[in-house]
Amino acid sequence: MSTDKRFDGRVAFITGAARGQGRNHAIRLASEGASIIAVDICSQIDSVPYAMASQADLEETVAQVEDAGGKIFATTADVRDRAGLGTALEAGVARFGVPDIVLANAGISPQRAVEPDPQQVFVDTIETNLVGVWNTLSLVAPMMIERDAGGAIVITSSAQGLIGRGGDGSGAASAYAASKHGVVGLMRSFSAWLAPHSIRVNTVHPTGVRTPMVEHPDMMAWVAADPERGAAMSNPMPVFMVEVSDVTEAVLYLVGESGRYLTGVALPVDAGFTSK
């Protein structure tokens, strides 16, 4: 009986890997044979109201990947800091080789009922969610081209990257929707550029996912502050939020042999949110 795993010999570079979606993607890929290069900021951005991932969270990702039988190189890096992110990526490449799977997953969602500084939260969100994705892709894509063995990139967007429902003009809500729309533009640009190199680029668009980025009092207060917003943010299917595993399944479909001819695709995992 074959013991081959579907990602044996693959290397996956994952940003925002300390917890939530990024951690789950790392564990699943590692359990199926991939070596993981994991980065996370592991510190607080002042305009973000919830507690961001910590060094202890990243260490827990390492422990869970290793418990799943996988190999991982994990280090701190801020996707807004291109030089620092590049250094982290190069260290991971020295350990495992050039990635052929890239998950540009790092992001923030700092909505709250009352914003102390709307302009700062707008800038921080765009720099993390949009500039950070460009930094990630533009650093790793030339390596993948030079490696000349194809690959797959998935950017974590959002259902709000396909619509703009629930916006209220605030810095966080406006920037979140704009940043998640923006990464679709990056996906389409990079997918056209990289297709001749057999490197596929897609986006995944979840509705609310049960993670610390969403499940915190400030986000709940923002939703509850306007009954119309609460109704607008609900899913047509009878589920309040999806699980991280639901997003992981979509990601593995896109980066695996199952998605070998899919590129330039915006894939909703949204319980019908974008169909309302």
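Visitor: Which residue, with a positive phi, follows H3?
Guide: This is a predicted model, in which local features need pLDDT of at least 70 and side-chain atom pairs count only at pLDDT 80 or more, while totals for chains, interfaces and linings use all residues. Residues are numbered from 1 along each chain as its sequence is written, and side-chain values use heavy atoms, with hydrogens and water left out. Helices (H or I, at least four residues) and strands (E, at least two) are DSSP runs numbered from the N terminus. The residue after H3, with a phi near 105°, is Gly97.

Visitor: How far apart are the end C-alpha atoms of H3?
Guide: The expected span of a helix is 1.5 Å times one less than its number of residues. For the 15 residues of H3 (residues 82-96) this should give 21 Å, and the distance between the end C-alpha atoms agrees, being 21 Å.

Visitor: What arc do the buried residues of H3 cover around the axis?
Guide: Buried means under 20% relative accessible area, exposed over 50% and partly exposed in between (1.4 Å probe, protein chains only). Leu85, Gly86, Ala88, Leu89, Gly92 and Val93 are the buried residues in H3. They lie on the same side of H3, because their arc, taken from the directions from the helix axis to the C-beta atoms, is only 165°.

Visitor: With which residue does Arg10 form a salt bridge?
Guide: A salt bridge is a side-chain nitrogen of Lys or Arg within 4 Å of a carboxyl oxygen of Asp or Glu. With its closest N and O atoms 2.8 Å apart, the partner of Arg10 is Asp100.
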